[in-house]
Amino acid sequence: MSNKIKKIKRPWVFERKPFERTRTHADFDYNARKWRKLRAAQLTQFPFCKHCDQLNIITIATVADHIVPVKKGGAGYELSNLQSLCKKCHDKKSAKDK
Ligand SMILES: [Zn+2]
């Protein structure tokens, strides 16, 4: 991993209004390289949906889900707070979390 990107200072960035969109996950950046790496690690380690597995269905997981949502104080970057889910199960869980 390169650290070069971090060293480039872009003072003009802070002069813009950075967030106009609604933020459902306060301060959690799902585009962060750190997150994408963690998500990939989770899905490599646990490639099948955990919820489907409990129903004895094998489904390829596509979502690394926070077991305790970040907005509820869950750790954002901890593998121990992640579970692999398929999109269907994740959507169901997200609906419940709200
Ligand atoms: Zn599932």
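## Strand pairing and core of the chain

Strand E1 (residues 63-66) and strand E2 (residues 82-85) run antiparallel and are joined by four bridges. The model described here is predicted.

These strands belong to a chain with four helices and two strands. Read from the N terminus, the order of elements is α-α-α-β-β-α. Of the chain's 98 residues, 12% count as buried. Among contacts between residues at least 6 apart in sequence, 53% join residues at least 24 apart.

The residues of E1 alternate in direction: Val63 and Asp65 point one way, whereas Ala64 and His66 point the other way. The table lists them by direction.

| Residues of E1 | Direction from the strand | Burial |
|---|---|---|
| Val63, Asp65 | one way | buried |
| Ala64, His66 | the other way | buried |

Ala64 illustrates how E1 meets its surroundings. Its bridge partner in E2 is Ser84. When residues up to four places away in sequence are not counted, Ala64 touches Ser84 and Leu82, together with Arg39, Gln42 and Leu43.

Ala64 and Leu82 are also members of the largest nonpolar core, which has eight residues. The other members are Cys49, Ala61, Val63, Leu85, Cys86 and Cys89. E1 and E2 are the elements that give two or more residues to this core. In soluble globular proteins, nonpolar side chains tend to be buried together. Val63 and Ala64 both belong to the core, although the two residues point in opposite directions from E1.

Methods:
Residues numbered from 1 in each chain as written. Predicted model: local features only at pLDDT ≥ 70, side-chain atom pairs only at ≥ 80, totals over all residues. Buried ≥ 20, exposed ≤ 12 C-beta atoms within 10 Å, placed from the backbone. Pairing = 2+ DSSP bridges. Contact = placed C-beta atoms within 7 Å. Core = buried A, V, L, I, M, F, W, Y, C linked by C-beta atoms within 7 Å.
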